[in-house]
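Biologist: Hey, I've just been handed this one and I'm new to it. Can you pull it up and walk me through?
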Protein chains: 2
Amino acid sequence: MAGKEPEIITDKNQMRKWSRTMRSKGKTIGLVPTMGYLHEGHISLVREAHNHTNLIVVSIYVNPGQFSTTEDLSTYPSDFDRDIQKLMAVPGGVDVVFHPYNLYDYGQRKPSGANNFGSSNDNCEKTICGDGGKVEKKEVVSCLEESGLGHETWVRVERLEKLLCGKSRPVFFRGVATVVTKLFNIVEPDVAVFGKKDYQQWRIIQRMVRDLDFSVEVIGSDIVRDNDGLAMSSRNVHLSPEEREKALSINKSLLRAKSAAEKGQVDCRELINLVIQAVDKAGGRIDYAEIIDQETLEAVEEISSPVVFSIAAWFGRVRLIDNMEISL
Amino acid sequence: MAGKEPEIITDKNQMRKWSRTMRSKGKTIGLVPTMGYLHEGHISLVREAHNHTNLIVVSIYVNPGQFSTTEDLSTYPSDFDRDIQKLMAVPGGVDVVFHPYNLYDYGQRKPSGANNFGSSNDNCEKTICGDGGKVEKKEVVSCLEESGLGHETWVRVERLEKLLCGKSRPVFFRGVATVVTKLFNIVEPDVAVFGKKDYQQWRIIQRMVRDLDFSVEVIGSDIVRDNDGLAMSSRNVHLSPEEREKALSINKSLLRAKSAAEKGQVDCRELINLVIQAVDKAGGRIDYAEIIDQETLEAVEEISSPVVFSIAAWFGRVRLIDNMEISL
């Protein structure tokens, strides 16, 4: 299955230079941002990108800025060589794999202002003291510590970032929006493709692009599922066979809810209970299950316009997310 | 004094198209972002820009996103025709004046999600309620209200934005970093020039550009003073003759502090007291007076590396800022 071998670029300036050279030749550039360990879901994004632009850049970078220090940064799976093989097998291939070592190394640290990326912080809580030295609040921080000359600029989609996954992952969308901004500024793409499995992420990036006037078209690409119905995710590899079997309750109950809605059950409370009970019975631990407006992501009580049923649940030590659009 | 007449562009897409056309011809573009009511300080930024690029864009836009609703958005002075005359008198002139009507109009509002830009909010505090409806905290918001489909993405330089002016103007630097991001994405300049009078703003933009990988070189341009020593500011027009006379105490005492430092007084507490007493005696009300590291903006106790003495003070209803770099 050997196909076109992508150019591998690790340097920011070299990446931007490549894009500018191509643009000066009249080419358009599509970006597919990933954290690697590619599966068929990622590949579908590359295929989608081929529908929009001449050239394709896939970025592979596990972004410490979107993990809190208690999350699974250190165990996030990776297999770069296999990723390249998979990309070579895509019809049309990809032109560049952008694979930076550290997007937050600005090469001008002071000893006191160390950027602790990669260090093993045991605790993700930073204590904030008021004038009197009294502890006023605790702030959750990411795996990038802010101090001295370290990274401290964050792009925040301040309403959307707090909903759904934002409740249990307070630094996640700040980190995603920031690294996507960096990638947009480095790769300067015409189009960027995101998976609708990460529905909130996709909507946040769309809103960010609109609000900050980025000249990038954001495409949402449909969820890809394994044959058993489980939405593809790099984290699925951590599920035991038993946990995987139990996790199928997510997709099954979402399908039942969608079917019930289509048959006239538009009371969201009823539909949500149906899913919660099914996942609960299978042994999953619900983080959230909400029916929300497709654009504002605000909860709705009754389905009267296009909505999405969005869910996050734990199976063992793995947190899975999934969703289903319902347009009656 | 008639010179080159600038092209006036009000539309975002037209602005970006102009820049891309010029870049494709090998031209470089300098941006001078302003809020209009131009004075010799702004003109010096345009002159500085001419040292770096072929073409100059001056943006004139009073940004509601950086004013809290209790601040002086409604009384901020403007005189567009005079601004154009002043720009035409600069040697070399400017190529484009980008003068958008509303940078936050995305043309897709829902009735419930009105973007209240321009409305007369009496109160800038938004009450945040917890699950039980109990008031948990009050949040200061800008003159752009976030709700529904309104603007909600903010670029935050999270440490630097809280220091100095950030203490009394909690939405200011969030608003500045955000509108500059928008301008960078619309104008796509090679170089942007900022005045060092707004020292913290200049450093925040530099940090933002580094942290978000913008491909823009940020130039800091020296403070321009009137003959009497007052740092030029659009807000000076609101000073009565008496207040203006009193306000000269800022520059005079900063010069005395610098001179004292050069003669060996490196104890910052002593130098700060000297300035506070002089401004206080003149009838000014100090907001802050700090001696800080030129890059991290962190307060220092003793001058042993390049610092800047940074001050904000009220004279009547006008808040002035000024600063002086001290490199022994």
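Modeller: Sure. Counting salt bridges over all chains, the rule gives 46. Keep in mind that this is a predicted model.

Biologist: Which residue forms a salt bridge with Lys196(A)?
Modeller: That's Glu325(A), and the closest N and O atoms of the pair are 3.2 Å apart. The two sit in distant parts of the chain, 129 residues apart. Glu325(A) is in strand β12 (residues 318-326) of chain A, while Lys196(A) is in the loop between β8 (191-195) and α6 of chain A.

Biologist: And how many salt bridges does the rule find across the interface of chain A and chain B?
Modeller: There it finds 12. One of them joins Arg174(B) to Glu158(A), with the closest N and O atoms 3.2 Å apart. In general, side chains of opposite charge can pair when their charged atoms come close.

Biologist: What about residue pairs in polar contact between chain A and chain B, how many?
Modeller: The count is 34, taking pairs where both residues are at pLDDT 80 or more.

Biologist: Which elements of chain A each supply at least two residues of the side that touches chain B?
Modeller: α1 (12-24), β7 (153-157), α5 (172-187) and α6 (199-211). The largest share comes from α5(A), with 6 residues. By class, that side of chain A has 11 nonpolar, 10 polar and 19 charged residues.

Biologist: How do β7(A) and β7 of chain B pair, parallel or antiparallel?
Modeller: Antiparallel, over 5 bridges, with the chain B strand covering residues 153-157. In that pairing, Val157(A) stands opposite Thr153(B) in β7(B).

Biologist: OK, stepping back. How many residues does the contact take from chain A and from chain B?
Modeller: 40 from chain A and 40 from chain B. Also, 100% of the interface residues of chain A are interface residues in chain B too, so the copies meet through the same surface.

Biologist: How much area do chain A and chain B bury between them?
Modeller: About 3,500 Å², with 42% of it on carbon and sulfur atoms. Glu152(A), Arg210(A) and Asp213(A) supply 20% of what chain A buries against chain B, more than any other three residues.

Biologist: Last thing, symmetry. What rotation superposes chain A on chain B?
Modeller: One of 180°, with 0.0 Å of shift along its axis and an RMSD of 0.0 Å. The two copies are therefore related as by a two-fold rotation axis.

Biologist: Which residue of chain A comes closest to the rotation axis?
Modeller: Val155(A), whose C-alpha is at 2.3 Å from that axis.

Definitions and conventions
Residues are numbered from 1 along each chain as its sequence is written. Chains are lettered from A and ligands numbered from 1 in the order in which they are written. This is a predicted model: local features need pLDDT of at least 70, side-chain atom pairs count only at pLDDT 80 or more; totals for chains, interfaces and linings use all residues. Side-chain values use heavy atoms; hydrogens and water are left out. Copies are superposed by least squares on the C-alpha atoms of residues with pLDDT of at least 70 in both. Contact means heavy atoms within 4.5 Å. Buried area is the accessible area (1.4 Å probe) that two parts lose on being put together, summed over both. A salt bridge is a side-chain nitrogen of Lys or Arg within 4 Å of a carboxyl oxygen of Asp or Glu. A polar contact is a pair of N or O atoms within 3.5 Å; within protein, one must be able to donate a hydrogen and the other to accept it, and residues adjacent in sequence count only if both atoms are side-chain atoms. Helices (H or I, at least four residues) and strands (E, at least two) are DSSP runs, numbered from the N terminus. Ala, Val, Leu, Ile, Met, Phe, Trp, Tyr, Cys and Pro count as nonpolar, Asp, Glu, Lys and Arg as charged, and the others, Gly among them, as polar. Two strands pair if DSSP finds at least two bridges between them.
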